[in-house]
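Reader: I would like to go through this entry one question at a time. Please keep the answers short and end each on what was asked.

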Number of protein chains: 2
Amino acid sequence: MYRIGELADKLSVSTDTLRYYEKHKLLAATSRADNGYRLYNEEALRVMQFIIRAKGVGFSLNEINDLLSIKIDKASHSCADVKSFTEQKLTQVNDKIAELQCFKGSLELLVAACCGGEEEATHCSILSALENVDAINK
Amino acid sequence: MYRIGELADKLSVSTDTLRYYEKHKLLAATSRADNGYRLYNEEALRVMQFIIRAKGVGFSLNEINDLLSIKIDKASHSCADVKSFTEQKLTQVNDKIAELQCFKGSLELLVAACCGGEEEATHCSILSALENVDAINK
DNA sequence: TTTGACCTTAGAGTATACTCCAAGCTTTAT
DNA sequence: ATAAAGCTTGGAGTATACTCTAAGGTCAAA
């Protein structure tokens, strides 16, 4: 059994993070010692590792909560459910990439059009573009 | 002169957004009517348009605040300053894209490896991967 | 024993960008 | 005149994922 600091160290997370996850129903302590300290068993360690891996591929904590619900009761869910869930996440990620690519394109145009010299920003093409409609929205 | 609702309608933003921007020093009302109502002139409209355009290329409100400081006092800043600022933003965007591409890669692997059938999630390769180290981090 | 590390709780704070609530005054249209 | 829309303020809430604060109990090492 681990105390909270021990588990936190083992996983390179903070004790506050563990308490936060407990508050948000992601991971409960396995039990409490007589003095009120949280105690976590090996299964709790494995759940935390699951959470960390899921975060590592981009799932939010809320999404991870959903995945944990599936994990706990695999018999009630299908492979299709999990795949669909993951595909939705993938779509979100793709959408966000697309948005950022759009920003990137605009920013690159701005940067490319700017002389970047030491003269006053009075005639800065980037500022001008943000001030007027033409240079960006086209 | 516009009242807050008129400016908000003209720009398709909410009155709350305008008050929020005032509170955060992005845009002050030009003046106040005798009844305390905010009044905005054409310059305020142009500043809001600047803000909206800057948001449209990915700058955060804090970053836009910095750009507005430059805009107000162009003589104290160079084209190089603005270009550098924009390049930094571009770098952030690129970094975020890279992170998301990494997530995308992992998620695609997960999705590709999953049979997606109606059988119970008991043997779901996605869940297994999140439960174990091997399938993702390789 | 003393001190410092460890742990508890409740709640507030941070960052970001809004949005909502409550109470009350003003303006507009019927 | 009345009702509804418009506006004010202060402050709290939402979403997301932590992090910090304050007060106080527990444990381990010197």
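Author: A residue is buried if 20 or more other C-beta atoms lie within 10 Å of its own, exposed if 12 or fewer, and partly exposed in between. The model discussed here is predicted.

Reader: By that count, what percentage of the 138 residues in chain A is buried?

Author: The count takes C-beta atoms within 10 Å, and 20 or more of them make a residue buried. Applied to the 138 residues of chain A, this gives a buried share of 28%.

Reader: How does the radius of gyration of chain A compare with that of a compact globule of 138 residues?

Author: The C-alpha trace of chain A spans about 70 × 40 × 20 Å along its principal axes. For a compact globule of 138 residues the radius of gyration would be near 14 Å, whereas for chain A it is 24 Å.

Reader: What confidence does the predictor report for chain A and for the complex?

Author: In chain A, 96% of the residues reach a pLDDT of 70 or more, and the mean is 92. For the complex the predictor gives a pTM of 0.90 and an ipTM of 0.88.

Reader: In what order do the elements of chain A run from the N terminus?

Author: Chain A is made of three strands and seven helices. Among its contacts between residues at least 6 apart in sequence, 39% join residues at least 24 apart. Read from the N terminus, the order of elements is β-α-α-β-β-α-α-α-α-α.

Reader: Why can chain A and chain B be described by a rotation axis, and of what kind?

Author: A turn of 180° with a shift of 0.0 Å along the axis lays chain A on chain B, with an RMSD of 0.0 Å. The two copies are therefore related as by a two-fold rotation axis.

Reader: Which residue of chain A has its C-alpha nearest that axis, and what does that residue contact?

Author: The C-alpha in question lies 2.9 Å from the axis and belongs to Ile97(A). Ile97(A) is part of helix 5 of chain A. With 19 other C-beta atoms within 10 Å, Ile97(A) is partly exposed, as 20 would be needed for a buried residue. Leaving aside neighbours within four places in sequence, the contacts of Ile97(A) are Ile97(B), Leu100(B), Gln101(B) and Lys104(B).

Reader: Which helix gives the most residues to the side of chain A that touches chain B?

Author: The contact takes 49 residues from each of chain A and chain B. Helix 3 (42-56), helix 4 (61-72), helix 5 (79-113) and helix 6 (125-131) of chain A each give two or more residues to this side. The side of chain A that touches chain B divides into 25 nonpolar, 14 charged and 10 polar residues. With 22 residues, the one that gives the most is helix 5.

Reader: Why can one say that the copies meet through the same surface?

Author: The test is whether interface residues of chain A are also interface residues in chain B. The copies meet through the same surface because the share that passes is 100%.

Reader: Which residues come nearest to DNA strand C?

Author: Helix 1 (4-11) and helix 2 (15-23) of chain A, with helix 2 (15-23) and helix 4 (61-72) of chain B, each supply at least two residues of the surface near this strand. That surface divides into eight polar, five charged and four nonpolar residues. Of the 17 residues around DNA strand C, the nearest are Arg3(A), Gly5(A), Arg38(A), Ser60(B) and Leu61(B).

Reader: And which come nearest to DNA strand D?

Author: Here helix 2 and helix 4 of chain A, together with helix 1 (4-11) and helix 2 of chain B, each supply at least two residues. The surface near DNA strand D divides into four nonpolar, eight polar and five charged residues. Of the 17 residues around this strand, the nearest are Asn35(A), Ser60(A), Leu61(A), Gly5(B) and Arg38(B).

Reader: Which residues does Thr15(A) contact, leaving aside its neighbours within four places in sequence?

Author: Thr15(A) sits in helix 2 of chain A and is partly exposed, with 15 other C-beta atoms within 10 Å. From Thr15(A) to Ile4(A) there are 11 residues in sequence and 6.1 Å in space, C-alpha to C-alpha. The contacts of Thr15(A) are Ile4(A), Gly5(A) and Ala8(A).

Reader: Is Ser12(A) buried or exposed?

Author: Ser12(A) is in the loop between helix 1 and helix 2 of chain A. Its phi is near 55°, a positive value in a residue other than glycine. Since Ser12(A) has 8 C-beta neighbours inside 10 Å, it counts as exposed.

Key:
Residues numbered from 1 in each chain as written. Chains lettered and ligands numbered in written order. Predicted model: local features only at pLDDT ≥ 70, side-chain atom pairs only at ≥ 80, totals over all residues. Near = placed C-beta within 6 Å. Helix = DSSP H or I, 4+ residues; strand = E, 2+ residues; numbered from the N terminus. Nonpolar A, V, L, I, M, F, W, Y, C, P; charged D, E, K, R; others polar. pLDDT = per-residue confidence, 0-100. Rg over C-alpha atoms; globule rule 2.2 N^0.38 Å. Contact = placed C-beta atoms within 7 Å. Least-squares fit on C-alpha atoms with pLDDT ≥ 70 in both.
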